[in-house]
Amino acid sequence: MTIGENATIDESVRLGDELCPDSTEEIHIGANSVIRSGTTIYPDVWIGDGFTTGHNVLIRENTTIGEDVLLGTNTVVDGSVSIGSHVSIQSSVYIPPESSVGDEVFVGPCAVFTNDPHPVRADGELAGPVLEDHVSVGANATLLPEVTVGEGSFVAAGAIVTRDVPPETLAVGAPAVHRPLPDSLRGRNSIE
């Protein structure tokens with residue numbers, strides 16, 4: 001296990017070695033990170049500098065997280081996930097395996113990503129959503145399997161995204177329809 005300088009890890013945090021004592025996979029936690037109580041991080045997780053969690057965050061195996069990333073309280077990153085740098089994922093977000101989040105992305109509270117197009121009813125490959133750089137996702141939005149949300153797009157609160165969202169597009173409604181991105185929402189995210 002590698003823990004960078006000035007990282008603060010609360011006592012009740014559970015890290016890979018104690019969860020999977022036979023695992024040969026490492027955990028890397030970058031410098032200046034703050035990992036709050038109740039958080040669980042499995043082996044085979046790489047986290048960059050400036051990482052911050054709320055309480056009770058779960059990060060499963062085979063996950064890569066860039067620099068300056070926030071995972072809010074009760075968020076679940078369910079393994080085999082890639083998260084870029086300068087990302088803010090608010091409380092109670094669920095990200096399933098085979099999902100990808102780019103750089104400078106904001107995900108509002110209680111957003112749900114899915115990766116199984118036919119849960120329990122049919123076998124198939126799992127494929128979560130892909131959020132390209134500078135995407136914003138509103139609270140309580142749901143993203144269905146295999147959708148790509150294009151660079152600079154905005155998913156409105158409560159939207160249910162059932163198909164790809166082109167770059168710099170507003171996705172709104174249930175199921176989400178595409179509209180031109182209003183001038184007030186144009187531009188790039190700047191998450192620090």
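Me: What makes the order of the 8 strands in the open sheet, and is the pairing parallel or antiparallel?
Reply: Happy to start there! In this predicted model, the open sheet runs β1-β4-β7-β10-β13-β16-β19-β22, and the pairing is parallel.

Me: Which are the edge strands, and why are they called that?
Reply: They are β1 (2-3) and β22 (148-149), and the name fits, with each of them pairing on one side only.

Me: How do you know that strand β16 and strand β19 pair?
Reply: Two strands need at least two bridges to count as paired. Strand β16 (residues 99-101) and strand β19 (residues 130-131) share 2 bridges in the parallel sense, so the pairing meets that cut-off. To find the spot in the structure, look for Ser100, which stands opposite Val130 in β19.

Me: What makes β25 and β26 a pair, and in which sense do they run?
Reply: Here 4 bridges join β25 (residues 169-172) to β26 (residues 177-180). The requirement is at least two, so these strands pair, and they run antiparallel. Within the pair, Ala171 faces His178 in β26. The two strands form a hairpin with 4 residues between them, and Gly173 in the turn has a positive phi of about 100°.

Me: Why is the contact between Arg186 and Glu168 called a salt bridge?
Reply: The closest N and O atoms of Arg186 and Glu168 are 3.2 Å apart. The cut-off is 4 Å, so the pair qualifies. Arg186 lies in the segment after β26 and Glu168 in the loop between β24 (160-161) and β25, so the salt bridge ties together parts that are 18 residues apart in sequence.

Me: What makes Glu168, Asp183 and Arg186 one network?
Reply: Shared partners do. Asp183 and Arg186 also meet in a salt bridge, at 3.7 Å from N to O, which is again within 4 Å. Salt bridges that share partners thus join Glu168, Asp183 and Arg186.

Me: How do you know whether Asp183 is exposed or buried?
Reply: Asp183 has a relative accessible area of 67%. Exposed means over 50%, so Asp183 is exposed. Arg186 at 41% counts as partly exposed, and Glu168 at 43% counts as partly exposed too.

Me: What makes Arg60 and Glu61 a salt bridge?
Reply: Their closest N and O atoms are 3.1 Å apart. That is within 4 Å, so the rule is satisfied. Arg60, at 26%, is partly exposed, and Glu61, at 28%, is partly exposed as well. By the salt-bridge rule, the count for the structure comes to 4.

Me: Where does the charged end of Arg60 sit?
Reply: Over the ring of Tyr42, 4.2 Å from its centre. The distance limit is 6 Å, so the value lies within it.

Me: Which residues touch the most other members of the largest nonpolar core?
Reply: Leu71 and Ile83 do, in a core of 39 residues. Elements that each supply at least two residues of this core include β4 (27-29), β11 (69-71) and β13 (81-83). Leaving out residues up to four places away in sequence, the contacts of Leu71 include Phe51, Val57, Ile59, Ile65, Val77, Ile83 and Ile89.

Conventions
Residues numbered from 1 in each chain as written. Predicted model: local features only at pLDDT ≥ 70, side-chain atom pairs only at ≥ 80, totals over all residues. Heavy atoms only, no water. Lys NZ or Arg CZ within 6 Å of the ring centre and 35° of its normal. Salt bridge = Lys/Arg side-chain N within 4 Å of Asp/Glu carboxyl O. Buried < 20%, exposed > 50% of the residue type's maximum accessible area, 1.4 Å probe, protein only. Core = buried A, V, L, I, M, F, W, Y, C linked by side-chain atoms within 4.5 Å. Contact = heavy atoms within 4.5 Å.
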